[in-house]
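Q: Please take a close look at one part of this structure, a pair of charged side chains, and then explain how that part fits into the chain and how the chains meet.

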Amino acid sequence: AAFDSINETNAGLDTFFLLFAASFVFFMQTGFAMLCAGSVRQKNVKNIMLKNILDACGGALGFWSVGYAFAYGGADSSKKGFIGNTGFFLTGFTTGGELIGWFFQFAFAATAATIVAGTVAERCKFEAYLAYSLMLTGFVYPVIVYSIWSSSGFLSAFNGEPFLGCGMHDFAGSGVVHMTGGVTALIAAKVLGPRIGRFYDADGNPLPEPVSFGPHSVSLQVLGTFVLWVGWYGFNPGSTLLISNSTAAAVSALAAVTTTIAAAAGSVSALFMDMFLSRMKTGHCEYDITMCMNGALGGLVAITAGCSVMAPWAAFVTGIIAGWVYIFFSSLLVKLRIDDAVDAIPVHFGNGMWGCLAVGLFAEPSRVANAYSDHGNYGLFYGTGGNLLGAQVVGVLWIIGWVTVIMTPYFLILNCLGLFRVDAIEEEVGLDISHHKGAAYDISGPSEEVPQKFEI
Amino acid sequence: AAFDSINETNAGLDTFFLLFAASFVFFMQTGFAMLCAGSVRQKNVKNIMLKNILDACGGALGFWSVGYAFAYGGADSSKKGFIGNTGFFLTGFTTGGELIGWFFQFAFAATAATIVAGTVAERCKFEAYLAYSLMLTGFVYPVIVYSIWSSSGFLSAFNGEPFLGCGMHDFAGSGVVHMTGGVTALIAAKVLGPRIGRFYDADGNPLPEPVSFGPHSVSLQVLGTFVLWVGWYGFNPGSTLLISNSTAAAVSALAAVTTTIAAAAGSVSALFMDMFLSRMKTGHCEYDITMCMNGALGGLVAITAGCSVMAPWAAFVTGIIAGWVYIFFSSLLVKLRIDDAVDAIPVHFGNGMWGCLAVGLFAEPSRVANAYSDHGNYGLFYGTGGNLLGAQVVGVLWIIGWVTVIMTPYFLILNCLGLFRVDAIEEEVGLDISHHKGAAYDISGPSEEVPQKFEI
Amino acid sequence: AAFDSINETNAGLDTFFLLFAASFVFFMQTGFAMLCAGSVRQKNVKNIMLKNILDACGGALGFWSVGYAFAYGGADSSKKGFIGNTGFFLTGFTTGGELIGWFFQFAFAATAATIVAGTVAERCKFEAYLAYSLMLTGFVYPVIVYSIWSSSGFLSAFNGEPFLGCGMHDFAGSGVVHMTGGVTALIAAKVLGPRIGRFYDADGNPLPEPVSFGPHSVSLQVLGTFVLWVGWYGFNPGSTLLISNSTAAAVSALAAVTTTIAAAAGSVSALFMDMFLSRMKTGHCEYDITMCMNGALGGLVAITAGCSVMAPWAAFVTGIIAGWVYIFFSSLLVKLRIDDAVDAIPVHFGNGMWGCLAVGLFAEPSRVANAYSDHGNYGLFYGTGGNLLGAQVVGVLWIIGWVTVIMTPYFLILNCLGLFRVDAIEEEVGLDISHHKGAAYDISGPSEEVPQKFEI
């Protein structure tokens with residue numbers, strides 16, 4: 001009877017743990033909305049926020065109806081497969097664990113979807129965005145989840161016979177979530193083309209220098225960044241999926257620590273590297289808050305795969321490099337004249353990739369044994385061979401490949417049909433006025449005469 | 001000894017659970033403040049936020065001193081009563097369960113109070129608002145709580161002899177919290193009258209078309225909406241009040257799932273219905289972010305009563321209809337020339353009512369047994385008769401009746417005494433300048449000459 | 001075996017509890033950033049937010065490398081010492097309890113650091129701020145933590161032979177965290193001098209009346225205040241450090257209740273006291289939202305020391321007085337011509353001090369026994385002598401003394417070397433343009449002609 005009671009208590013504790021973690025992950029939607037809103041020009045604020053709300057809603061409906069079934073339905077560690085096929089519309093879900101598991105996974109799916117919103121901001125049609133986001137949460141993302149996180153996945157660490165003896169180790173989704181969103185964003189940005197006036201003049205000739213379109217509100221960007229960071233404490237520590245024993249507790253706690261250190265390191269690293277690079281060019285010493293924010297986010301994305309298997313010092317190294325990775329990919333995009341309105345590609349694709357690879361370098365034996373199992377394959381620096389790194393590389397290529405194969409034709413077709421990009425005149429006017437009944441702000445006070453009347 | 005230990009652990013777990021949930025519910029105050037602030041004109045921002053802070057504070061002091069005692073004091077399932085009478089000022093509260101129970105219930109009371117702030121914004125006197133909000137949290141709301149949630153309540157599902165064999169099922173308060181706030185808002189708006197220039201010209205003649213006063217910041221509105229949504233994961237899943245066994249865990253997890261689906265459905269439903277209706281009128285296809293936000297909130301309010309007893313599909317249906325209910329009541333108010341500055345009445349009154357009724361339609365037998373007891377009365381669609389629906393209807397009428405009987409004379413008296421509404425000139429100037437020492441924003445940069453000096 | 005299982009469950013539960021609490025405390029960084037950003041003028045918004053992000057990052061790196069080792073390393077209740085010396089870089093941290101303990105303590109350290117940012121806003125050099133904030137989280141703050149919270153501390157309540165038989169009782173850090181930040185802010189403000197034009201004219205003569213520099217966005221201030229309040233539910237209830245038994249649960253729950261009541265009382269008290277004082281001067285009855293916000297924060301700071309040992313009524317009294325303490329210190333600073341851009345000194349230093357002393361007055365025997373041990377020394381009002389009050393007074397003096405001795409020469413040297421304050425012209429232009437590549441906002445819409453084109 002005492003054992004029964006403990007099981008009852010543990011059922012409650014673990015359900016509560018995922019309720020907490022999922023609520024924090026869902027809170028990241030607020031962060032993305034504020035970060036995106038702050039980053040765009042004043043004339044497109046309502047449009048981007050509407051997309052942010054709707055991909056949360058679309059994610060919920062898509063993941064309820066088919067997404068979760070595709071991602072996990074009928075998974076079985078004794079075999080491998082491509083896609084799940086049970087549990088559509090949550091049919092048969094009755095226990096706390098099943099139900100809260102859906103809620104937690106939905107929050108991740110919505111995160112993957114919303115990453116793209118920022119990149120294509122200020123020029124993407126609203127309907128195209130909706131169609132894409134249902135496609136992503138309903139099909140593209142679930143297939144990746146199935147392959148890496150479900151026990152039937154061909155790259156899953158939880159399969160009975162994992163790839164290369166270990167499978168891919170992507171604890172909370174540097175690859176599964178962030179690269180999926182990031183690769184999609186990259187393809188979309190390439191197909192959609194840059195915003196008018198960013199890289200080309202009115203005749204289509206490249207400008208000598210790209211024009212940067214400043215954020216309309218840095219306050220909203222900072223708010224969004226902090227909220228995302230906070231939400232990450234659900235994302236990473238929550239990915240143990242349970243907390244009712246001391247091993248899970250140690251793994252979850254480690255994730256909180258490494259997440260913190262990597263974010264801090266990424267922020268500092270990007271800020272100072274950018275400052276040094278600018279000073280070499282201009283001689284001035286200026287600190288750019290954008291670097292600080294995106295560096296932190298880059299560090300967070302990068303540690304997401306390895307948060308549970310790395311020592312704190314390795315999290316520090318991962319974060320420092322994440323700052324550089326961010327700067328490198330950000331400059332590369334500008335060189336390639338690919339226009340990312342919020343720099344989501346360097347943050348989520350660049351650092352998602354780096355995070356997956358970092359696991360292959362830094363995964364520490366005892367921590368791998370805690371978070372996964374004692375399979376004997378660890379980070380390259382621990383001298384046990386390159387199987388884990390190999391699995392990580394294959395995982396990265398698989399994600400890039402799958403997303404590219406599905407989304408490239410999808411976006412190209414949308415584009416050919418004229419359904420992807422708004423008209424040039426609408427873009428110039430701004431989407432808020434042209435599509436959403438007016439501007440996002442009206443900060444005019446009462447007319448001049450009124451206060452005068454009042455004074456008298 | 002092992003049993004003792006388990007009881008100790010469970011005491012800690014359940015206290016922690018309510019600490020988490022109540023903190024999330026309290027976070028909704030932030031959401032209401034941002035939503036209200038964003039919705040009003042720039043000249044009244046400080047005023048509305050001051051009211052939002054103060055009803056949280058007033059709610060705490062009112063609910064500490066008398067409110068909680070009236071709501072739950074001395075409740076006993078073997079008898080029925082009208083109002084509680086023990087535990088004033090938390091006297092005798094020593095256990096974790098008692099203390100955290102107060103904290104959780106306070107957060108709900110503060111929610112009921114703050115709903116009204118938005119409706120009466122831009123014209124209600126500050127002192128009248130304070131007086132009303134103490135009245136609501138200290139007396140009106142506690143009586144409703146006693147009747148429906150305490151074990152002595154005449155409509156309570158937890159009484160030994162519940163009304164119609166089941167009592168009213170209002171799990172987290174579509175009726176108790178949202179209708180109470182919403183009915184009060186409706187009465188207040190009717191007595192107070194519309195803002196100057198909204199429905200009538202300077203001579204008091206109806207305008208051919210109502211003038212809508214746009215929000216001053218849609219960014220703040222979106223922030224508020226997301227924060228409310230996040231907070232709802234404390235509001236609904238927390239209303240199990242405990243989590244230390246697998247049944248409670250299943251109920252709480254179900255609440256998280258249904259809450260998510262109903263919010264998403266409400267948002268999508270309101271957005272597209274509004275778009276179709278507008279297109280029929282104007283021929284243009286425009287997406288209104290206000291619909292998206294208030295639809296989500298409407299869905300959240302509507303699922304609040306039934307979150308623990310409905311299947312996910314029923315939550316979806318409830319949410320879809322909630323979007324329509326919102327639009328219907330919003331249009332109706334405009335037709336009736338009742339001015340609601342933030343559309344709180346359609347969201348909280350309209351959908352609070354719909355949510356209570358939806359339980360009478362969709363409550364599923366096995367889920368009712370988990371969340372309440374196996375009393376044999378379920379939703380109409382499950383073919384067990386109309387007792388539950390009957391109890392829900394009576395509950396709705398009781399809430400409307402009680403609030404109306406108390407608040408109508410209260411507001412009428414305030415109004416007759418000239419204590420309810422600010423002077424017309426103060427309203428035109430805006431309350432921030434006339435009552436709160438100046439405008440909420442000063443976004444002017446340094447004067448033109450200064451940066452020029454700097455460049456040289 | 002059942003006992004083992006309970007220990008496993010408890011390990012998970014307590015780790016989860018601190019993960020929750022620390023995440024909420026970390027969320028307070030968002031609150032500080034928004035409050036500070038809202039409080040400064042538009043021209044310095046990016047600068048202050050950059051500092052807010054960086055002290056979180058610096059706090060993480062400083063507390064990981066040396067801070068935590070200094071604060072707790074090798075503490076032992078059988079002896080006393082000055083500073084810890086094991087656990088640098090988290091070496092040897094493997095259990096959930098150890099790791100999550102660091103995360104929780106880091107969040108507190110970052111809070112202490114960020115308090116100063118607001119006070120010195122709009123004129124402090126970025127590099128000086130960074131250097132100071134590493135110094136604080138890496139050394140000054142850890143020494144105070146060691147002395148009061150580690151079991152080896154000379155003032156610690158957890159030492160085997162505590163000072164005056166009880167040691168200092170500073171449950172969540174009115175003294176350790178808030179006074180440390182507040183005293184530093186006071187010294188920094190004094191050394192740094194007021195902002196140009198605040199108290200003196202261009203020739204250095206005192207102005208007849210101080211000029212107040214209004215906040216640029218009250219909405220951001222309110223957002224920050226509410227987020228801080230929410231975060232405090234991690235700060236205070238989380239400071240039990242565990243929740244796996246009914247005593248800890250009761251202590252934690254009490255902290256949630258007293259925190260709520262003190263915040264509400266502080267807010268109301270400051271608002272109305274200020275209104276009465278202004279009315280006596282000007283005859284007008286105006287409600288100042290700044291008072292309402294800072295009063296709430298003052299109440300929160302003041303209850304932080306005693307949240308676990310005071311009855312709800314004592315929390316109410318503490319909060320009411322906190323509102324007055326805030327107003328008193330705020331006026332005093334203006335009289336002394338010390339310029340605090342966000343009034344952090346009255347809130348954190350003034351009320352931190354009041355909170356420590358209030359414990360010596362109101363600590364209730366049975367609650368002290370729950371939260372600490374039954375050592376027989378309680379608040380003065382309970383008639384058991386003045387030992388506890390004595391320990392509190394010594395604690396207050398120790399914090400003031402230690403911070404003053406270290407930070408005064410530190411800031412004076414920075415100042416002499418010209419590293420502390422920006423040039424006058426940079427200050428006039430604003431730090432965003434002079435140091436951070438431009439203004440924080442660009443709220444201009446599309447140019448006039450564009451929408452006209454669109455209409456045609």
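A: In this predicted model, the side chains of R198(A) and D339(A) form a salt bridge, with their closest N and O atoms 2.8 Å apart. The two partners come from distant parts of the chain, 141 residues apart. R198(A) lies in the loop between helix 5 (174–192) and helix 6 (218–235) of chain A. D339(A), for its part, lies in the loop between helix 9 (312–335) and helix 10 (344–362) of chain A. The salt bridge thus links one loop to another. Over all chains, the structure holds 24 salt bridges.

Helix 9, which precedes the loop of D339(A), offers a second example of parts that are separated along the sequence. I320(A) is placed in helix 9 of chain A. Its C-alpha atom is 5.2 Å from that of S269(A), although the two residues are 51 residues apart along the chain. When residues up to four places away in sequence are not counted, I320(A) touches A265(A), G266(A) and S269(A). S269(A) is therefore a residue that I320(A) touches, where touching means that heavy atoms lie within 4.5 Å.

The chain that contains these pairs may now be viewed as a whole. Chain A has 15 helices and zero strands. Its C-alpha trace spans about 80 × 55 × 50 Å along the principal axes. For 456 residues, a compact globule would have a radius of gyration near 23 Å, and chain A, at 23 Å, agrees with that value.

Attention may next turn to the places where chains meet. Chain C and chain A are in contact through 63 residues of chain C and 66 residues of chain A. Between them an area of about 5,300 Å² is buried, and carbon and sulfur atoms give 80% of this area. The interface of chain C and chain A also contains two salt bridges. In one of the salt bridges there, D274(A) is paired with K437(C), the closest N and O atoms being 3.8 Å apart. Eight residue pairs are in polar contact across the interface of chain C and chain A. On the side of chain C that touches chain A, two or more residues are given by each of several elements, among them helix 1 (2–39), helix 2 (45–72) and helix 3 (96–119) of chain C. Helix 1 of chain C provides the largest share of that side, 20 residues. By class, the side of chain C that touches chain A comprises 41 nonpolar, 16 polar and six charged residues.

The relation between these two chains can also be described geometrically. A turn of 120° with a shift of 0.0 Å along the axis lays chain C on chain A, with an RMSD of 0.0 Å. The copies nevertheless use different surfaces, and 19% of the contact residues of chain C recur in chain A.

The contact between chain B and chain C can be examined under the same headings. Here chain B contributes 63 residues and chain C contributes 66 residues. The area buried between chain B and chain C is about 5,300 Å², with 80% given by carbon and sulfur atoms. Two salt bridges are found across the interface of chain B and chain C. A salt bridge also joins D288(C) to K437(B), at 3.6 Å from N to O. Across this interface of chain B and chain C, eight residue pairs are in polar contact. The elements that supply at least two residues to the side of chain B that touches chain C include helix 4 (126–148), helix 6 (218–235), helix 14 (431–435) and helix 15 (449–455) of chain B. Helix 1 of chain B gives the most to that side, with 20 residues. The side of chain B that touches chain C has 41 nonpolar residues, 16 polar residues and six charged residues.

Finally, chain B is superposed on chain C by a rotation of 120° with 0.0 Å of shift along its axis, the RMSD being 0.0 Å. The two copies are therefore related as by a three-fold rotation axis. Their contact surfaces are different, for 19% of the contact residues of chain B recur in chain C.

Methods. Residues numbered from 1 in each chain as written. Chains lettered and ligands numbered in written order. Predicted model: local features only at pLDDT ≥ 70, side-chain atom pairs only at ≥ 80, totals over all residues. Heavy atoms only, no water. Least-squares fit on C-alpha atoms with pLDDT ≥ 70 in both. Buried area = accessible area lost by both parts, 1.4 Å probe. Salt bridge = Lys/Arg side-chain N within 4 Å of Asp/Glu carboxyl O. Polar contact = N/O pair within 3.5 Å; in protein donor to acceptor, adjacent residues only side chain to side chain. Helix = DSSP H or I, 4+ residues; strand = E, 2+ residues; numbered from the N terminus. Nonpolar A, V, L, I, M, F, W, Y, C, P; charged D, E, K, R; others polar. Rg over C-alpha atoms; globule rule 2.2 N^0.38 Å.
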